[in-house]
Amino acid sequence: MDINALFTDEGLRAFTATVRDQHVRDAQQYGQIADIVRRRLEQTPIEGDRWMAKKIRAWKVSRQLKAMQKASGEAASKAEALYATYKNEVLELPQRRAAAEARKLQRKQGRQAALGAAVAKSLDKTVTALNTPTEQAPGAVPQARPAEFVTPDNPWNQWPMAAGGERPTSTINDYFPRGEGQ
């Protein structure tokens, strides 16, 4: 037997099929022998037997053969499980990992796109709210900078000072108009 052949799909499938078939045949033979032994021992008295001694003796002996039958059936099942596990854990693993990585990347891109849209919407709302003068209707095209803050002759005085400026501010609400109902 070539051990390298076991590490291919065809090689392992052939090995497990051979082992499975052998164990299935063995299990059938053990079951047939158990029935024959039980029937024969039930009909064969031994001197000094009591009323149910033949049947109990036959059951005890055939029980061992039934255990062998069960073990062979389980070995056949384990051979199939070996192939299924090898195929699942070794042969198909790279494809499953690639598919999982693709799904993960797609989810990540979707989250990034949603986050980008939310940030853009928030920034748009903020810019619109900050640049819209109180006399301008919401939704209208805002000016780049409100006219009351621009002084064309001196670029250093474009924004009012906190204290001592031309237009003292009493609160921050002067720069952020309140909506109706608040």
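**Helix packing and salt bridges in a predicted model**

At 25% relative accessibility, Arg20 counts as partly exposed in this predicted model.

Q: Why is Arg20 called partly exposed?
A: The class lies between the limits of under 20% for buried and over 50% for exposed. The value for Arg20 is 25%, so Arg20 counts as partly exposed.

Q: What makes the pair of Glu80 and Arg20 a salt bridge?
A: The rule asks for a side-chain nitrogen of Lys or Arg within 4 Å of a carboxyl oxygen of Asp or Glu. The N to O distance for Glu80 and Arg20 is 2.5 Å, so the pair meets the rule. Glu80 lies in helix 2 and Arg20 in helix 1, so the salt bridge ties together parts that are 60 residues apart in sequence.

Q: Why are helix 1 and helix 2 called roughly antiparallel?
A: Helix 1 (residues 9-43) and helix 2 pack at an angle of about 170°. Angles over 145 degrees count as roughly antiparallel, and the pair is therefore placed in that class. The residues of this contact divide into 21 nonpolar, 7 polar and 12 charged.

Q: Why are helix 2 and helix 3 called oblique to each other?
A: Their angle is about 45°, with the axes 5 Å apart. This angle is neither under 35 degrees nor within 65 to 115 nor over 145, so the two helices are oblique.

Q: How do you know that Asp49 and Arg57 meet in a salt bridge?
A: Their N to O distance is 2.6 Å. The cut-off is 4 Å, so Asp49 and Arg57 qualify.

Notes:
Residues are numbered from 1 along each chain as its sequence is written. This is a predicted model: local features need pLDDT of at least 70, side-chain atom pairs count only at pLDDT 80 or more; totals for chains, interfaces and linings use all residues. Side-chain values use heavy atoms; hydrogens and water are left out. Axes are lines fitted to C-alpha atoms, for helices over the stretch in contact, and angles run from 0 to 180 degrees between N-to-C directions. Helices (H or I, at least four residues) and strands (E, at least two) are DSSP runs, numbered from the N terminus. Ala, Val, Leu, Ile, Met, Phe, Trp, Tyr, Cys and Pro count as nonpolar, Asp, Glu, Lys and Arg as charged, and the others, Gly among them, as polar. Buried means under 20% relative accessible area, exposed over 50%, partly exposed in between (1.4 Å probe, protein chains only).
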